[in-house]
Every structure is written in C-alpha cells, then in structure tokens.
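Please read the points below with the structure open beside you, and look up each residue as it is named.

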Amino acid sequence: MIEILKYLVLTTYDLTELLLFTGVLTALFLHEKRKSAKWMLTGGWLVGWCGAIAQFVLKTLYPKKMNIQLNRIHRWTTVLAGLFFMLLFIWLIIEFRNKKKSAKMIAVRNGLATVTSAFLIMRVGPGLIRYTTEFVYFGEKTISTMSLMRSIGYALGIGVTVLGFFAVRHLCKKESHRFAKSVFLLLTLVISLHYVMLAIGDAAKLRLIPVKKVFHILGWGVSFNYYSVFISVIICLIAALIVIIRNRKVVGSFANSALYRKERARLRNKRRWSYFTGALAISVILIGTVVKAYDEREEQATPPEQVEETDSEVIVPLSMVEDGHLHRFAIKGPNGNQIKFLVVRKPQGNAYGLGLDACEICGVAGYIERKDEVVCKKCDVVMNKATIGFKGGCNPIPFDYEIKDATIRIQKETLYKFEHIFR
C-alpha cells in the first residue's frame, strides 16, 4: 500500500498546476471560439514534451557526461518559465482592465500562455517520465506485486489530475467569459509566485544574480511547492462553490413549463460539475496532507539485540537468526560510538547476509523490516535478501566474518574500521 501512496502523491503534485492551468486556458479558448489558439497550445505541448523526453533520454544514456549540461538546461528552463509566467500575469492584468476584446491582445495572451505551458512541461516532464523507471527496484522481478503497486499509484495520480483538467475546463466553460478569465488570472498569479521564486534561486545558481542578495528566496521556492498546489486547488474549489451558489434557484419567468424545466436541468448540470470539481479539489488536498503524512511517517527500527562479546570477537549464535527475519546488533567502538550491523538468513540455501546498518548511498539512515522485506528508511528501496552481504547499490555495507561451531564470528577490529560512519 505504501508504494501506491508514494507515487500517487508525487504524480498528483507534479501535474496539478499544469493541468489546472491548461484546463482553464482551454475554457477561455471555447468562450472566444478561436481554433487557432487550440492548435497553438497543442504545438506548445508537443514542444514541451519533446524537450522533456530529450532531457530524460540524454540523462539516461549519458548520466555522467551530460549531467552538468542538463542541470544548466533545467535551471534555464525554470528561469524562463518564471519570466514568461510573470509576463503572462502582467498581460492578463492589462487585458482584464481593457473592456474591449482586442484580437491582438487575446493573441498575445494565448502566445504567452502557450510558451509558458511548454516551459512548464519541460520542467516537470523529465521527473514524471523518470518515475516509470523506478517501478522495478534492483533485485526485483519485472512483474511483481511491488512494481504493480507503484504503477497503480502513478496511474491514479495521472487519473485524478486529468479528471481535474476536464472538471475545471467544463466548470469555466459553462460560466461567463469573465468568470473563466478571473479564475485563470488567479491561477496564473499563484503559479507565477511559485515559479518566480524558483527562477530567482536558479538564476543565482547560474550566477546571473549574486547569491547573497537572494539567499532567503532559495528555500522559499522549494517550500512553496506544495503551498502553490494547495492554493491553486482552493481557487478551483472556491470557483465551484460560487457556481453552486449562483445556480441554486431558477430566476425569471418562462413562457411555458418546458422552458422552465430546461432551465432547471441546465442549472442542475452546472451544479453537478461544481460538485465534481469540489470533490476532486478536496481529494487533491487530502492527498497532499493525510496521504502524504501517512506515506512519509517515520518507521522506527527495532532496538539492537544483545550479542556475546569477547576481547577480540563478536559472536552471534545461528539459532538467533534462523527465522529469516532482520536482526540488528550493536557494539561500542573505541571512541564510544555505537556500531550497528545486521544479520539475516537468506531465503535459499543455508547462507546468511551480514552488513552494517548503513550504506554508501544513504549513509546511516538504516534499514527496517516491513512485513517480510528489508527496506531502506531513507529511499524506501526494498532489499533483495539474497544480495545482502554484497557491495553496490543501496545495500548494507558488507564486512568480513566467519561461521564456526554454529556461530557467526566477527573480529572487533573489522567493525572498528567502520566506526567513523556512525559518528
């Protein structure tokens, strides 16, 4: 279950801003009856996804060679996204105050929105594609329960956000042009604040502006990520409530009962779309609060078991570790630090896996046993018990030992060499 929740949260919060923004924008296109704008936006999306796929492919094929260049591209993408969001918001203010519908003003707005969407996709797209490569962890079978769980969480996140796109689009299409433009203006304001802060941070990393002058903003852009999504969703929720209130009762007189019933049906249809939009908005909020908190809850590791020690050796009877579960032990090093190590009997044969309660990638985050699996507390990677005791990946750091007289014997000097890891 935890695997479903992880990718549900990640996918939902990566896609929400993009699809809400695009949903309201396409509703404006429908109000203005501009087919050219739809084709323009489609072209922007294609360019954005082509850029995202290109970044992902280059990162996959040349992880070391292209790493610096791709980081620069990612930062420039963020800077340009922030710049175009700011320009779009300023233009929307000018357009909103201008009561006359100027074709040129609308064309400029649609052009800015298209370019902004393309940069937004190029920023979030590579991550969304990368998630699909994480469904099968090292040592797992291609088709397994865990990979299926991750795929389901990913699909659910996409499903929730795509439904949000259609709900907001339909909600704004059914209301007035000014209503749709107001919702779009507010969404653009919130997303602009988010991306302008991120852009300032990345501009500092690109040395376009001095880091000292924007030091505090560097952290704000990252922390504002979830707040931006929350506020955007709340804007849509408020819009849905306004539509419900405005369409509660039939107003006016009608020539016959058929026209009256038709009007009632129209208002009822509006309210239903509002209920649907509100339900999705609440779902996204719950995913970002309750589900996220449950997914990121800290699981406590079991305390170390008692172990027999001599002056030079640590002795673990095989009878203590024959059950196939994860067993944690610890000794005190010469400098007073607790050196923790793990022992687990492997599922096949009469072999045992030994390693430190730490790895070269995640450090001393340590491991826990979840059901019958050994899992890294930091990156949530599931260990293949058969690989514990081998180097590489997020595996417990191995060390030398011997099995003698139905006991596992470890030289203390061997463990003392790793004391610096547990400082």
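1. In this predicted model, a good place to begin is the pair formed by strand S2 (residues 313-317) and strand S10 (residues 407-411), which run antiparallel and are joined by five bridges. Within this pair, Ile315 has Arg409 of S10 as its bridge partner.

2. The two strands belong to an open sheet of four, arranged in the order S1-S2-S10-S9 with antiparallel pairing. Strand S1 (308-309) and strand S9 (402-404) stand at the edges, and because each has a single partner strand, one side of each is left without a neighbour in the sheet. As background, strands of a sheet pair through backbone hydrogen bonds, either parallel or antiparallel.

3. A second antiparallel pairing is that of strand S4 (residues 338-345) with S5, and here too five bridges join the strands. Leu342 stands opposite Gly355 in S5, while the hairpin of S4 and S5 has six residues between its strands, with Gly349 taking a positive phi near 75°.

4. How many of the five residues of strand S5 (residues 352-356) are buried? Five of the five are, so the strand is largely enclosed by the rest of the structure. In a regular strand the side chains alternate between the two faces of the sheet. In S5 both faces are covered, with Tyr352, Leu354 and Leu356 buried on one side and Gly353 and Gly355 buried on the other.

5. Turning to the helices, helix H3 (residues 67-97) has 31 residues and reaches 45 Å from its first C-alpha to its last, which is close to the 45 Å expected at 1.5 Å a residue. The buried residues of H3 include Leu70, Val79, Phe84, Phe85, Leu88 and Leu92, and Glu95 is also among them. An α-helix has 3.6 residues a turn, so residues three or four places apart point the same way.

6. Which residues of the largest nonpolar core touch the most other members? Of its 60 residues, they are Cys172, Val183, Phe184 and Tyr195. Helix H1 (2-32), helix H2 (35-61), H3, helix H4 (103-132), helix H5 (145-174), helix H6 (177-205), helix H7 (215-246) and helix H8 (257-295) each supply at least two residues of this core, and the largest share, 15 residues, comes from H1.

7. If neighbours within four places in sequence are left aside, Val183 is in contact with Val24, Cys172, Ile235 and Ala239. Apart from the largest core lies another core, of 21 residues, among them Val307, Phe399, Ile408 and Phe418.

Conventions: Residues are numbered from 1 along each chain as its sequence is written. This is a predicted model: local features need pLDDT of at least 70, side-chain atom pairs count only at pLDDT 80 or more; totals for chains, interfaces and linings use all residues. Side-chain values use heavy atoms; hydrogens and water are left out. The expected span of a helix is 1.5 Å times one less than its number of residues. Buried means under 20% relative accessible area, exposed over 50%, partly exposed in between (1.4 Å probe, protein chains only). A nonpolar core is a set of buried Ala, Val, Leu, Ile, Met, Phe, Trp, Tyr and Cys residues joined through side-chain atoms within 4.5 Å. Contact means heavy atoms within 4.5 Å. Two strands pair if DSSP finds at least two bridges between them.
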